[in-house]
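Hi everyone, thanks for making time. Let me put the model up, and then I'll talk you through it.

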Amino acid sequence: MKIQTSSIEQTARLINELKVGRPVIIQDNELASLTFAVETLNAELIAEIAANKNEKKHLAITARRAETLSAIPYDGDIARIILPSSFSFEWLLATANPTLDLEHPLKGPFETMREGRIDISKASLELCKEAQLLPASIVLPLNKATFALLKTQQFLWQKSSEILDFIENETPLFKVSSAQVPLKSLGVSRLHVFRDDTGLSEHYAIESGSPTHSDPVLVRLHSACFTGDLIGSLKCDCGSQLQASIEKISDFGSGILIYLNQEGRGIGLANKMRAYELQNQGFDTVEANHRLGFEDEERDLRIGAQIVKQLGYSKVRLLTNNPEKVKCVSEMGITVTERIDLITKPTTENLNYLKTKAAKSGHLF
């Protein structure tokens with residue numbers, strides 16, 4: 001039996017390979033490179049990479065991380081750092097991970113590449129981001145014979161154009177199950193579970209009461225926050241916003257709470273804890289994300305709009321302080337008839353966080 005693998009499925013397979021520490025091959029026309037996620041490298045792989053004499057092997061990082069390292073990003077939103085002859089795992093990890101900057105302050109100066117195509121390096125960084133790893137990868141160019149040999153040895157490979165298309169385009173969702181659930185604050189509600197085509201993520205929607213499809217439905221798009229929603233962290237307002245949303249839906253009598261599994265604005269819990277450590281060193285939330293190599297917003301808010309559509313609604317009253325959510329939902333063809341403030345009481349611990357939200361991310365308070 002021959003089972004065809006779609007480009008979306010193949011990208012998901014490459015993401016999982018990097019997460020478990022296996023390299024993958026990315027092809028750009030006649031070029032091909034073996035790529036490794038720095039975070040999941042081990043000593044054996046480091047030795048093999050160091051032994052390879054290809055002068056074009058390099059460390060790919062984002063321009064955000066390059067700015068922190070004073071490395072020149074000739075390639076726009078990424079930088080390709082030429083590996084020094086004596087590089088080590090400790091050097092690689094310290095270069096990729098800003099929480100180690102104080103322990104390893106002397107890593108440069110860095111020499112960055114400025115010639116040649118960059119799509120392989122760019123695609124490798126996007127795969128790392130999708131795997132919620134540090135956005136840093138080793139790129140090792142292959143000759144045609146080695147590329148052909150590695151393909152026979154069960155190394156996964158894909159074209160860079162397919163990977164970059166996967167990142168750019170919205171990921172198709174489908175509903176996998178739903179059931180009525182009695183909830184403490186919302187009464188009997190229906191919980192819907194959605195899964196994306198990669199099988200990497202599940203997202204949830206709680207449909208409370210009996211909202212009519214012809215009228216604007218009250219909707220909260222809430223991104224997962226383990227620290228704020230579950231264990232009561234005071235560093236953010238996520239937990240209090242979640243509770244306030246539930247109360248507003250309950251008071252109104254109907255509505256939808258959409259819970260998106262996009263922890264840490266899309267960077268994942270491990271990277272979020274790295275960002276927290278940087279915040280403890282004095283950086284704000286946006287600066288911390290940038291030092292890690294991420295943008296301050298890595299979520300795909302289109303997923304929430306897809307869920308609203310699949311539930312059969314075309315008009316919403318959106319519970320949010322974030323104008324970008326309004327813009328995204330509107331661009332997805334859903335009419336936002338009203339934006340409803342979701343103001344919660346600030347704490348001593350989250351006041352600077354809220355100020356940064358307003359000043360740098362445009363949130364309205």
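I'll go through helix packing, then salt bridges, then a few backbone details.

Quick housekeeping: this is a predicted model, so local features need pLDDT of at least 70 and side-chain atom pairs count only at pLDDT 80 or more, while totals for chains, interfaces and linings use all residues. Residues are numbered from 1 along each chain as its sequence is written, and side-chain values use heavy atoms, with hydrogens and water left out. When I say helix or strand, I mean DSSP runs numbered from the N terminus: H or I over at least four residues for helices, E over at least two for strands.

Okay, helix packing. Let's begin with α1, residues 7-19, against α7, residues 160-168: the axes are 10 Å apart and the angle is about 95°. That makes the two helices roughly perpendicular. On that scale, under 35 degrees is roughly parallel, over 145 roughly antiparallel, 65 to 115 roughly perpendicular, and the rest oblique. The axes are lines fitted to C-alpha atoms, for helices over the stretch in contact, and the angles run from 0 to 180 degrees between N-to-C directions.

Who touches whom there? From α1 we have Ser7, Ile8, Thr11, Leu14 and Ile15, and they meet Glu162, Ile163 and Phe166 of α7. Contact here means heavy atoms within 4.5 Å. Sorted by class, that α1 and α7 contact has five nonpolar, two polar and one charged residues. For the classes, Ala, Val, Leu, Ile, Met, Phe, Trp, Tyr, Cys and Pro are nonpolar, Asp, Glu, Lys and Arg are charged, and the others, Gly among them, are polar.

Now α1 against α5: the axes come within 9 Å and cross at roughly 75°. So α1 and α5 are roughly perpendicular as well. In this contact, Thr11, Leu14, Ile15 and Leu18 of α1 meet Leu127, Cys128 and Glu130 of α5. The class count for α1 with α5 is five nonpolar, one polar and one charged residues.

Further along the chain there's α11, residues 269-280. Its 12 residues should span 16 Å at 1.5 Å a residue, and the end C-alpha atoms are indeed 16 Å apart. The expected span is 1.5 Å times one less than the number of residues. Which α11 residues are buried? Asn271, Lys272, Arg274, Ala275, Tyr276, Leu278 and Gln279. Buried is under 20% relative accessible area, exposed is over 50%, and partly exposed is in between, with a 1.4 Å probe and protein chains only. Those buried residues pack against α8 (226-230), α10 (263-266) and α12 (285-292). Just past the end of α11, Gly282 has a positive phi of about 115°.

On to salt bridges. How many does the structure hold? There are 20, counting a side-chain nitrogen of Lys or Arg within 4 Å of a carboxyl oxygen of Asp or Glu.

I'll show you three. Arg117 pairs with Glu30 at 3.5 Å, N to O. Arg117 sits in the loop between α4 and α5 and Glu30 in the loop between β1 and β2, 87 residues apart. Arg117 is partly exposed at 41%, and Glu30 is exposed at 52%.

Next, Arg64 meets Glu295 at 3.0 Å, N to O. Arg64 is in helix α3 and Glu295 is in the loop between α12 and α13, so this pair ties together parts 231 residues apart in sequence. Both ends are partly exposed, Arg64 at 27% and Glu295 at 31%.

The third is Asp77 with Lys122, where the closest N and O atoms are 3.5 Å apart. Asp77 is in the loop between α3 and β4, Lys122 is in α5, and they are 45 residues apart. There's also a network: salt bridges with shared partners join Arg65, Asp101, Lys107 and Arg291.

Last, the backbone. Where's the cis peptide bond I want you to see? It joins Gly108 and Pro109, with omega about 0°, and Pro109 is in the loop between α4 and α5.

Two residues that aren't glycine have positive phi: Gln132, near 60°, and Gln154, about 70°. Gln132 lies in the loop between α5 and β5 and is partly exposed at 33%. Gln154 lies in the loop between α6 and β6 and is exposed at 67%.

That's my tour, so over to you.
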